[in-house]
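Trainee: Could you take me through a single part of this protein in detail? I'd like to see how one piece sits within the rest.

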Amino acid sequence: MIFPFINSSKTMTPFVFKLQVDILNHPYKIDIKNNEVIPTLSYKAIKKAIQLLQPWVNHLLKLYGVSEADIADIMPLLLFVEATIYQIDEDNEIHEDINKNISVLRNVLTQLNLFDDALETRLQQGLTYYDLETQFCSGKIPTQENIDFVCIGKPFDFGILHRLFFKLTSHPDEEMLGIYPITDQIGEIISDLKSYKEDIERNVMNIYRMFVRLYGSEAPQQLQQYLEKLNSQLQYQLKFLKQTRPDMAGKFIIYWNNIFPGDCPIPEIPAPILEEGNLVAGSTAAYTT
């Protein structure tokens, strides 16, 4: 049976990694209570998780040549993780307790022998993001350090997915794990630019909205400098990858350029909306590259 996320008409690339999916068949430990491994997930969280995983799975197919059978084997884990994270995000936005589902996520990954310090670090980045989100949506003026933390922490789910994927392979890819955090930040910022006005109306976290609250009318220039800095970091990493693994670098560059054409994916930045009641702090303290 063809997995529904996959376009089987496209030619598969040669195998690069072999997934070790047997680990996913390990049974739960009997000393763990059911309520410690069963999350409470909404339909919305599951739907959003599937929408995110569709392009992410296609990325794995094109870049790593993962087989359809292997994708089908690991999809329950990926869907569980992403839907749980979306549920945590939903609960945080409405000020519900997020600790239960965080514990469930840790417990399930621990039982599968997948949880480690690197995943804990990514999870903690996400929790820091949630804390900053709560402060920001309550009217706090952010610092540039806050913005830096949010840019790293907001896409923490991608960091967890990438880590899990490579933990399920026989050849973890540290070079790509150095590239993905940069592209995740760029992608998150561009997504926030598209939803800027809507996010103001909903009073939810938005990276450009943070720049505007901090820098006021100077926000577009400050954000452009920030994106240019991230892109410079990305180009440096890709230059190194071209030297060590030109085939992988070529495939990734094709994938990236299909999403963001050109060497520097700086989209049009909308005019800043100075929200009523928000003071501008540090407008003279320009972000330095």
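Mentor: Let's take helix H2 and the loop that comes after it.

First, some ground rules. This is a predicted model, in which local features need pLDDT of at least 70, side-chain atom pairs count only at pLDDT 80 or more, and totals for chains, interfaces and linings use all residues. Residues are numbered from 1 along each chain as its sequence is written, and side-chain values use heavy atoms, with hydrogens and water left out.

Now the setting. The protein chain has 11 helices and zero strands; helices (H or I, at least four residues) and strands (E, at least two) are DSSP runs, numbered from the N terminus. Of its 289 residues, 47% count as buried, where buried means under 20% relative accessible area, exposed over 50%, and partly exposed in between (1.4 Å probe, protein chains only). Take contacts (heavy atoms within 4.5 Å) between residues at least 6 apart in sequence: 82% of them join residues at least 24 apart.

On to H2 itself. It covers residues 68-93, which is 26 residues. From first C-alpha to last it reaches 36 Å, close to the 38 Å expected at 1.5 Å a residue; that expected span is 1.5 Å times one less than the number of residues. H2 also has a kink of about 40° at isoleucine 74, shortly before proline 76. The bend at a residue is the angle between axes fitted to the seven residues ending there and the seven starting there. As for its surroundings, 19 of the 26 residues of H2 are buried, so the helix is largely enclosed by the rest of the structure.

Aspartate 91 is worth a stop, and it lies in H2. This residue is buried yet has no salt bridge, meaning a side-chain nitrogen of Lys or Arg within 4 Å of a carboxyl oxygen of Asp or Glu. The nearest side chain of opposite charge is lysine 100, 8.7 Å away; for charge, Lys and Arg count as positive and Asp and Glu as negative, while His and the chain ends are not counted. Leaving aside neighbours within four places in sequence, aspartate 91 is in contact with Glu96, Asp97, Ile98 and Asn101.

Finally, follow the chain out of H2. Histidine 95 sits in the loop between H2 and helix H3 (99-111). Its phi is near 65°, a positive value in a residue other than glycine. Histidine 95 counts as exposed, at 64% relative accessibility, whereas aspartate 91 is buried.
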